[in-house]
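Trainee: Could you go through this structure with me, slowly, as I am new to it?
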Amino acid sequence: PDALPFVTPPTPVQDESIRFASEKPFAVTIPSLGIEDLSVLHPEDPFTHNGILVPLRNGVGHLFSYPGAGGKILIYGHSSGYPWDVSQFTKIFRRVNELRPGDRVYITYGGTLHVYEVTREQRVRASDTTAFQGEGEELILYTCWPPDSIAERYLVFASPVQTLALR
């Protein structure tokens, strides 16, 4: 019988997105804003004003669904702060309005890197929660707007485009 020719197996190609993965259990990287490996924290008490603010001392906060679960994932951070608040995260989302469609947002969660692509932005009244409704997985970056005001909220929406297992 004829011998089969030896075929060299393809060399695995490391996806460039993997460089944005984190060792933290839940983290976000937004290269176009210079945000790298920022902790995403879920509030212990998501039903009170103070409870919502606690995660912002050490990163950004998280509400609703989780990456890969198919729902709305809200990641919120400050765009401004008070003079006595000297946290390095006080103005972490101050430039979120600079994100453009096609920009990537990388979320590490549960041993997986989730890659999202910015699709649109929206300004809404502070009391408007309609953006959190609807079907399908969508990442929403959320902050008070304009900077140094709490009159409105600025939302950046991103859709999932890739998932990479880290373990």
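Mentor: What follows is a walk through the strands, one residue and a pocket.

Mentor: Please keep in mind that this is a predicted model, in which local features need pLDDT of at least 70 and side-chain atom pairs count only at pLDDT 80 or more, while totals for chains, interfaces and linings use all residues. Residues are numbered from 1 along each chain as its sequence is written, and side-chain values use heavy atoms, with hydrogens and water left out.

Trainee: Okay, how many helices and strands are there in the protein chain?
Mentor: The protein chain has one helix and eight strands, where helices (H or I, at least four residues) and strands (E, at least two) are DSSP runs numbered from the N terminus. Read from the N terminus, their order is β-β-α-β-β-β-β-β-β.

Trainee: And which way do strand 4 and strand 7 pair, parallel or antiparallel?
Mentor: Strand 4 and strand 7 pair in the parallel sense over five bridges, and two strands pair if DSSP finds at least two bridges between them. Within that pairing, L74 stands opposite I140 in strand 7.

Trainee: What about strand 3 and strand 4, how many bridges join them?
Mentor: Four bridges join them, and here the strands run antiparallel, with L63 standing opposite L74 in strand 4.

Trainee: Is strand 4 mostly covered or open?
Mentor: Strand 4 is mostly covered, as five of its five residues are buried, and buried means under 20% relative accessible area, with exposed over 50% and partly exposed in between (1.4 Å probe, protein chains only). K72, L74 and Y76 point one way from the strand, whereas I73 and I75 point the other way. For the protein chain of 167 residues, 41% count as buried.

Trainee: Switching to E138, where is it found?
Mentor: E138 is found in strand 7, which covers residues 138-145.

Trainee: Why does E138 count as buried?
Mentor: E138 counts as buried because its relative accessibility is 11%.

Trainee: So which residue does the side chain of E138 have a polar contact with?
Mentor: The side chain of E138 has a polar contact of 3.2 Å with that of K72; a polar contact is a pair of N or O atoms within 3.5 Å, where within protein one must be able to donate a hydrogen and the other to accept it, and residues adjacent in sequence count only if both atoms are side-chain atoms. Leaving aside neighbours within four places in sequence, E138 is in contact (heavy atoms within 4.5 Å) with residues including I73, R120 and F157.

Trainee: What does strand 8 pair with, then?
Mentor: Strand 6 (residues 112-125) and strand 8 (residues 152-165) pair in the antiparallel sense over 13 bridges, and Y116 stands opposite P160 in strand 8. Strand 7 and strand 8 also pair in the antiparallel sense, over seven bridges, and the partner of L139 in strand 8 is A158. In the hairpin of strand 7 and strand 8, which has six residues between the strands, D148 takes a positive phi near 70 degrees.

Trainee: Last topic, what is the lining of the largest pocket like by class?
Mentor: By class, the lining has 15 nonpolar, 11 polar and five charged residues; Ala, Val, Leu, Ile, Met, Phe, Trp, Tyr, Cys and Pro count as nonpolar, Asp, Glu, Lys and Arg as charged, and the others, Gly among them, as polar. On a 1 Å grid over the protein atoms alone, a pocket is an open set of points where a 1.4 Å probe fits, with protein on both sides within 12 Å along at least five of seven lines, and lining residues have an atom within 4 Å of a point. Helix 1 gives the largest share of that lining, four residues.
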